[in-house]
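Visitor: I am new to this structure and would like to look closely at a single place in the chain before I take in the rest. Could you begin with the spot I ask about and then lead me outward from there?

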Amino acid sequence: MDPGVCYIKPEFLVEVQKNAEIKLGEYPEKHDLEKKKKGKRRGQNKNRPAPYKMKRELQLCSSLVNGDDSSTCTYPKCIYLHDVKKYLEEKPKDIGESCYIYSQTGHCQYGLTCRYAENHLDEEKKNLGATEGVRKPFNPIDIELLTILRKRQYNLDRSKKIVEEVEKRKLEGYTPDTDLIPERSAERKRIDFRNKLFLSPLTTVGNLPFRRICKEYGADVTCGEMACVVPLLNGAKQEWALTKRHPTEDLFGVQICGNKANLVAGATQILTEKANVDFVDLNLGCPIDLIYKQGAGSALIRRQNVLEGIVRSCAAVLGDKPFTVKTRTGVYADKSVAHELVPKFEEWGASLVTIHGRSREQRYTKNADWKYIEECAKAAKEIPVIGNGDILSFEDYLEAREAAPHISGTMIGRGALIKPWLFQEIKEQRHMDPSATERFDMMKKFVNYGLEHWGSDTKGVENTRRFLLEWQSFLYRYVPYGLLEHPPQKINARPNTYRGRDDLETLLASNNCADWIKLSERLLGPVPDGFQFLPKHKANSYGFFDVQFGAQENGGSFVDFSWDNIENINLSGAGFSSSLLNDVRHGIALVEKTEFATLCRCCGWVDEDSAVFDGSVHISHHTAHVASSVGFPLCRILLVAHIVEHTGIPVVGVAFVDRIDFPLVRNLHIGIREDEFPNGRIIHESIYPITQTQYHHRSGAIEGISSRHHLSSWLASWRVGVPSIHGRSREQRYTKNADWKYIEECAKAAKEIPVIGNGDILSFEDYLEAREAAPHISGAMIGRGALIKPWLFQEIKE
């Protein structure tokens, strides 16, 4: 059986015709591709538009929400609406008859603006319960604190002194100040973390309403979404909202992310003094580029001097509260370092360490390595080590505990998003098969919790809808237990198209964003005009195809392109726009039917022999140079296949090693078969899985490819004419010497096709040394050397 396939009982399978038109999710018609920023296309839908924005001038002033005409606004420059009658005339229709907030507290603070307002308004449109003693909202944000932080008036002297003390202790001969940093063993509060089920801190989807759902199903320890320390220190309301805690969260922590000891320690001081938390967790696992390039998240694994200062300082600042760390195995897949860090964390003052069994480079493309997690747990002396990764059933939990017997507990992330009742399954050691109605009731409960948390006015309703849709992008992955042919379901396995046991179950299993919106409308009413939603991760939905195909209008007319007179093609530039499984499947038919150039936006002709297609395709001297994004989200493998199959033009140069960004196709292996590519023979199952590029000082090392498996041999099978290898990785750019020994290794891997070497030739001696180091190459390519001394070619020949 294919481990990547979740097998469904035959009676529930739906036959899908090959090459049949796939229904795509609704996409905003006004999405402006011209304004779309160029850049690397990874697993996330970056720069997502906000689902819905309300104009302030259409919102009722808070002084009037209770319907009291005698109330006056204290802000002379208030831009909100002050005409109650006009507001009520334009207000959208109420969603339902019962207001959840009113039913729980006896008073709805949103009054007239509530989308369930008729439930708590009298005949005169006055808000009921407004003058009575009612329960205040739980854990509100301290506005006064945020004001102090914004004015930089909060006293952080304590954390600053501790950071300075930590740095001084690194100096030989310094006498520690034990009054400032007391001994951990005597002062530290003990919390029993052992044999607990932890809910992982989950950005965007790990919000308070979702955590309430998980607590009801049996989660022992919850943690807020990752909060960045700089916005916390600046008093950003949206960041402080992540620290909110519900009364049912009896053991709750906040996860923080930062890149400097003084910043992280300062935020930790404020949290321990002003927030209601039991522990503070440091994020060492966030893999996204935005965080990594700032030196935070998983980048701290490589900055151990800074990391030591952060852990020691924060552990001291927290006093009697535990300071915990959540880390990945390392940055690179072939260089795990967590087992070396665990004893250091313990020495530096951490009270608990969580190990996510993947590297930053792997993200979620490989199975979690529980054997390595066990190795890390053994390295700890006293502190508990928690394991994290790929638990979706109680069998997965038992296998993890068997593989890593020395861990003290487990943390569950995606598994809880897909099936929140997983905590109950694990504790009761049984499979649960909730009906579609029960699952829908769970979503209804989330909506009620969301209205209580984000508000029951229009803004709160649409916030609730947005986070419900974010959660639905994981919920749909759950395959009902009764439909599985070989239970249990594995977290990285994907099912073939199937139908549920009833219509609602089929709808809940849809991967189409439009269907998710339909579900939200059953709970929160119709979406407002202008509403749009894109899931955070492309892999979460096969319903969107966010690139427009076809020739683009240029100067009032369409510009056509012909392959006539083009003699060869040189793929010599940066990475092409990538694709996950969804985009490949959607794009195959279009590629087979569409001229390649019409997939690129045309910027106009340069001259008779040259054309530029938006920086994507440059036609000059009868050669097509593909230098950047090709304008459609298909991987470069498919591009090569298309060029060869549909034009018959040989591909003469591919700089795969240094310039083409293979991480962009790391998920391509899921469910792709030969017959889904043009003529099948272009690419074979044997090359999968393609995962992320290993940038660490290895010339184009690609896990599963260049580690003793070289691109050159596969390029031959793809019918690439002449691959050229630049002897550096993307990370190295031009900071290291070209690795001609590795180029030789690549040349040896090629069977019949010639391989060209490239890098650091500035004299004929350099050329001779390169040919001596790589005798199997067929030629040399010269770049910077020719720019510095164009006569270099003559030098070499003579």
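In which loop does Pro-488 lie?

Guide: Pro-488 lies in the loop that runs between helix α18 and strand β11, the strand being residues 494–495; helices (H or I, at least four residues) and strands (E, at least two) are DSSP runs, numbered from the N terminus. The helix at the other side of this loop, α18, covers residues 458–475, and Lys-459 belongs to it. What marks the place is the peptide bond that leads from Pro-487 to Pro-488, which is cis, with an omega angle near 5°.

Before going further, please keep in mind that this is a predicted model, in which local features need pLDDT of at least 70 and side-chain atom pairs count only at pLDDT 80 or more, while totals for chains, interfaces and linings use all residues. Residues are numbered from 1 along each chain as its sequence is written, and side-chain values use heavy atoms, with hydrogens and water left out.

The loop of Pro-488 belongs to a chain that holds 27 helices and 22 strands. Of its 798 residues, 55% count as buried, where buried means under 20% relative accessible area, exposed over 50%, and partly exposed in between (1.4 Å probe, protein chains only). The accessible surface of the chain comes to about 36700 Å², and 48% of that belongs to carbon and sulfur atoms; such areas are computed by the Shrake-Rupley method with a 1.4 Å probe, and for residues only the protein chains shown count as cover. If one takes the contacts (heavy atoms within 4.5 Å) between residues at least 6 apart in sequence, 73% of them join residues at least 24 apart.

Two buried residues let you see such contacts at close range. Arg-212 sits in helix α6, which spans residues 208–216, and is called buried because its relative accessibility is 9%. Once its neighbours within four places in sequence are set aside, Arg-212 touches Tyr-100, His-246, Thr-248, Tyr-449 and Glu-452. Ala-296, by contrast in setting, is placed in the loop between α10 (289–292) and α11 (304–318), and with a relative accessible area of 4% Ala-296 is buried. Apart from neighbours within four places, the contacts of Ala-296 are Cys-257, Gly-258, Asn-259 and Ile-291. One of these partners, Cys-257, is 39 residues away from Ala-296 along the chain, yet their C-alpha atoms are separated by 6.4 Å.

Next come the charged pairs. Side chains of opposite charge can pair when their charged atoms come close. The structure holds 28 salt bridges, each being a side-chain nitrogen of Lys or Arg within 4 Å of a carboxyl oxygen of Asp or Glu. In one of them Glu-167 joins Lys-170, with 3.4 Å between the closest N and O atoms; Glu-167 is partly exposed at a relative accessible area of 38%, and Lys-170 also counts as partly exposed, at 32%.

A second salt bridge brings together the side chains of Asp-289 and Arg-363, at 3.6 Å from N to O. This pair links distant parts of the chain, since Asp-289 is in helix α10 whereas Arg-363 is in the loop between β8 (352–356) and α13 (370–379), 74 residues apart. Asp-289 is buried, with a relative accessible area of 15%, and Arg-363 is buried as well, with 12%.

In a third salt bridge Glu-505 meets Arg-501, where the closest N and O atoms are 2.9 Å apart. Its two members differ in cover: Glu-505 is buried at a relative accessible area of 2%, while Arg-501 is partly exposed at 39%. Elsewhere, salt bridges with shared partners tie Asp-289, Arg-360 and Arg-363 into one network.

Arg-363 deserves another look for its backbone, because its phi angle is near 55°, a positive value in a residue other than glycine, although this residue counts as buried at 12% relative accessibility. Asn-195 likewise has a phi near 55°, positive in a residue other than glycine. Asn-195 is found in the loop between α5 (184–187) and β2 (197–199), and with a relative accessible area of 58% Asn-195 is exposed. To return to your starting point, the backbone feature at Pro-488 is of another kind, namely the cis peptide bond that comes from Pro-487.
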